[in-house]
Structure formats: structure tokens, C-alpha cells
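Student: I am new to this structure and would like to look closely at one part of it before moving outwards. Could you take me through it slowly?

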Amino acid sequence: MAANYWASTQRLHWTFSRQQLADIRKELEDDGRGLVQQYPLPELRLLSIYFNQQIGKLGRRMTVRQQALATAQIYVRRLYTKVDIRYTNPFLVLATAFYLACKTEECPQHIRLVVGEARNMWPDFILSDTAKLGECEFFLISEMNSQMIVHQPYRTLSELQGTFSLTQDEMSLAWSVVNDHFLTELPLLYPPHVIAITACFLSVVLKPMQTSLYAAGTAATAAAITTAAQAVSNSGGNGSLAGAAGGSSQQSRVQKLVNTLAETNVDLEAIIDCTQEIVSLYEVWEQYNEKVCKEQIARFVKARGLDK
């Protein structure tokens with residue numbers, strides 16, 4: 001892995017502004033206007049949840065570590081900034097991204113095992129022919145211009161545990177936030193250290209609520225996060241945390257974290273934006289329906305013969 005994120009292909013070629021991403025997606029939709037109208041799909045974040053869960057299931061079946069699964073998700077997200085999803089077989093793309101990410105993260109899996117497990121999971125969409133996955137691998141590498149190295153927030157998160165005096169419970173929550181951020185556009189928008197700091201911030205805010213992050217789209221949780229985020233933006237981090245989750249001691253701890261962030265060179269606006277993006281994800285998660293996502297993907301894959 002390249003030692004320096006700031007000189008990496010991830011920063012130079014795979015980090016965008018929101019407007020750039022919006023323009024890219026609009027261009028893809030305009031180029032495939034007929035397919036977009038003929039085969040409507042769920043909102044992007046709902047598709048991302050579905051892809052995340054499918055890659056996670058494949059990873060558990062093959063006992064692959066989380067970092068490789070995270071890299072696979074980023075490969076999928078990068079690919080779909082180059083090609084509209086309706087021109088691909090997403091199930092084959094997921095299996096291929098998983099296979100390729102395992103190579104990149106130095107936990108390689110045999111191609112026959114990956115195809116076998118993928119076929120067990122998606123028998124209607126994956127052929128037993130390993131050549132199909134091999135072809136898709138070359139396609140994926142080509143579309144990403146052979147820029148395979150991915151810098152993840154996990155290492156920075158571990159280093160920040162001591163800096164922010166995070167408890168083990170808070171670290172577990174922060175780890176979950178990092179895992180969840182792959183369901184959003186954030187990996188294409190911000191450096192890994194910004195994501196890691198956001199995860200630490202959210203873990204301290206969410207900890208007293210003992211909230212399951214997969215069900216965190218409640219009004220109380222969203223309000224607590226929003227209140228804390230506003231404190232970051234007010235007076236350079238000196239805003240009031242009245243209304244944040246927990247009692248006065250917890251509010252004091254969150255305030256201390258906010259003040260620490262304000263004293264650093266970290267982009268506070270980026271932290272706020274990441275926080276709001278995570279809140280938005282947890283709110284939209286309540287609308288997620290796995291069956292609907294699979295059916296809508298299957299419709300265009302079968303109709304266009306992309307499973308052959």
C-alpha cells in the first residue's frame with residue numbers, strides 16, 4: 001500500500017466534490033435515458049445497503065476480514081461512477097469486486113471457491129464458468145485504470161482511540177460508523193482521517209443512547225447528532241450542547257471533544273457534512289426493503305440477458 005494518502009491515486013483520481021459526483025451520475029443517466037426510464041431502481045443509498053449486505057454475506061461464508069469487504073464496496077462504488085448499473089450484472093460485479101479486493105488486501109481466495117459461493121448465493125444470476133468472473137475482473141481493473149490501492153479509516157481510528165480517550169464500547173460504535181459510511185458517498189468525498197474523526201465524534205454522541213446503529217434512524221438519535229454537529233459549527237467549536245444525548249457529564253465530555261476538534265487543523269465543515277450524511281443514511285435505512293431491491297435489479301439483469 002502507498003504510504004502517503006496525499007500522494008495516492010485515491011486522493012488524486014477517486015476523490016470528488018458533491019457537484020462533480022452529481023454531474024457524473026447525471027451524465028450516466030443522460031447517456032442511458034431509455035434504460036433509466038424502462039428499469040427504475042431504488043434510491044442509491046438503498047442499493048448501497050443491499051450491496052453491502054450481499055458482500056457481507058459472501059465474506060462471512062468465506063471468512064474474509066472486514067478491510068477486504070470494505071475495499072470491495074469501494075471498488076463497486078468506483079465502477080458505478082464510470083458505468084451505469086443497468087449495463088452490468090451487479091451480482092457478478094459484487095463477486096468480482098470481492099475476489100479482486102481479497103487479492104489487494106493480501107487475503108486471496110481461489111476463483112473457483114468465490115464463483116461457487118457466489119453461485120450458491122445467487123443461483124439465478126451467476127454461472128459456474130470461472131471465465132465470466134475473470135472477464136469481469138479485467139473489466140473492473142480497466143475501468144479503475146489499475147488504481148487498486150484503497151486507504152481505509154480503520155488504522156486512523158485505532159490511533160485516535162488514545163487521543164480522544166474512547167472506551168471500548170465507544171470504539172465499537174465508531175467502528176460500526178466507519179463500516180456504515182461505505183453505504184454513502186463519503187468514501188468518494190473525504191479523506192480517511194476525516195471519516196475516522198467523524199466516527200469518533202458520533203460514537204461519543206451516540207454512546208449514552210445505547211442505540212443500535214442499524215436502527216439509528218429514530219428522531220431522538222438524529223436530533224442528538226444534529227445538536228452536537230451544530231455545536232461544532234458554532235463559535236469554532238464553543239457552541240452549547242444543550243439537548244445533546246446523555247446527562248451533564250456526558251455533555252461535558254462531548255463538549256471537550258468538540259473543543260479539541262476546534263483547536264486542530266481538521267476541516268470542521270467536513271466533519272459536519274459527514275455527520276449529516278450519516279444521519280441521513282440512518283433515516284433512509286428505515287425505508288430499506290431487500291426484496292424490492294433484488295427484484296428491481298433482477299428485472300433488468302434478466303430482461304437484458306446480463307446473466308448469460
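Student: In which helix is the place of Thr71? Please start there and then connect that residue to its surroundings.

Tutor: Before the details, please keep in mind that this is a predicted model. Thr71 has its place in helix α5, which covers residues 66–79. With a relative accessibility of 0%, Thr71 counts as buried, because buried means under 20% relative accessible area. Once the neighbours within four places in sequence are left aside, Thr71 is in contact with Ala101, Glu105, Val150 and Gln152. One of these residues, Gln152, also takes part in a polar contact, in which its side chain and the side chain of Thr71 come to 3.0 Å. A further link to the surroundings can be given through the backbone: the C-alpha atoms of Thr71 and Leu100 are separated by 9.0 Å, although the two residues are 29 apart along the chain.

Leu100 leads us on to Glu137, since Leu100 is among the residues that Glu137 contacts, together with Thr96, Tyr99 and Lys103, when neighbours within four places in sequence are not considered. Glu137 sits in helix α8, made up of residues 130–143, and with a relative accessible area of 9% Glu137 is buried. Its side chain is joined to the side chain of Lys103 by a polar contact of 2.8 Å.

Tyr99, which we have just met as a contact of Glu137, also belongs to the packing of two helices. Two packed helices are described by the angle between their axes and the distance between the axes. Helix α6, with residues 90–104, packs against helix α7, with residues 111–121, at an angle of about 150°, and their axes are 10 Å apart. The crossing in which α6 passes α7 is right-handed. On the side of α6 the contact is made by Ala95, Phe98 and Tyr99, while α7 contributes Ile111, Val114 and Ala118. Sorted by class, this contact of α6 with α7 has 6 nonpolar residues, no polar ones and no charged ones.

Aromatic rings offer another way of following the structure. A pair of aromatic rings is described by the distance of the centres and the angle of the planes. With centres within 6.5 Å as the rule for a pair, the count comes to 11 aromatic pairs. Tyr5 and Trp6 have ring centres 5.1 Å apart and planes at 75°, so this pair is edge-to-face. Within that pair, Tyr5 counts as buried at 9% relative accessibility, whereas Trp6, with a relative accessible area of 46%, is partly exposed. Tyr154 and Trp175 form a tilted pair, with 4.6 Å from centre to centre and 35° between the planes. Because Tyr154 lies in helix α9 (residues 154–163) and Trp175 in helix α10 (residues 168–181), the pair ties together parts that are 21 residues apart in sequence. Tyr154 is buried, with a relative accessible area of 4%, but Trp175 is partly exposed, with 33%. Ring pairs also link Tyr50, Phe51, Tyr80, Phe91, Trp122 and Phe125 into a cluster.

From Phe125 in that cluster we can pass to Asp307, which touches Phe125 as well as Asn89, Asp124, Leu127, Val301 and Lys302, residues up to four places away in sequence not being counted. Asp307 is found in the segment after α15, the helix of residues 290–303, and is buried, with a relative accessible area of 7%. The side chains of Asp307 and Lys302 make a polar contact of 2.8 Å.

One more residue is worth finding, namely Ile272 in helix α14, which comprises residues 268–284. Ile272 is buried, with a relative accessible area of 14%. Its C-alpha atom and that of Thr198 are separated by 8.1 Å, while the two residues are 74 apart along the chain.

To place these residues in the whole, the protein chain has 15 helices and 0 strands, and 55% of its 308 residues count as buried. Among contacts between residues at least 6 apart in sequence, 78% join residues at least 24 apart.

Definitions and conventions: Residues numbered from 1 in each chain as written. Predicted model: local features only at pLDDT ≥ 70, side-chain atom pairs only at ≥ 80, totals over all residues. Heavy atoms only, no water. Helix = DSSP H or I, 4+ residues; strand = E, 2+ residues; numbered from the N terminus. Buried < 20%, exposed > 50% of the residue type's maximum accessible area, 1.4 Å probe, protein only. Polar contact = N/O pair within 3.5 Å; in protein donor to acceptor, adjacent residues only side chain to side chain. Contact = heavy atoms within 4.5 Å. Axes fitted to C-alpha atoms, helices over the stretch in contact; angles between N-to-C directions. Left-handed = near helix turned anticlockwise from the far one by under 90°. Nonpolar A, V, L, I, M, F, W, Y, C, P; charged D, E, K, R; others polar. Phe/Tyr/Trp six-rings, centres within 6.5 Å; stacked < 30°, edge-to-face > 60°.
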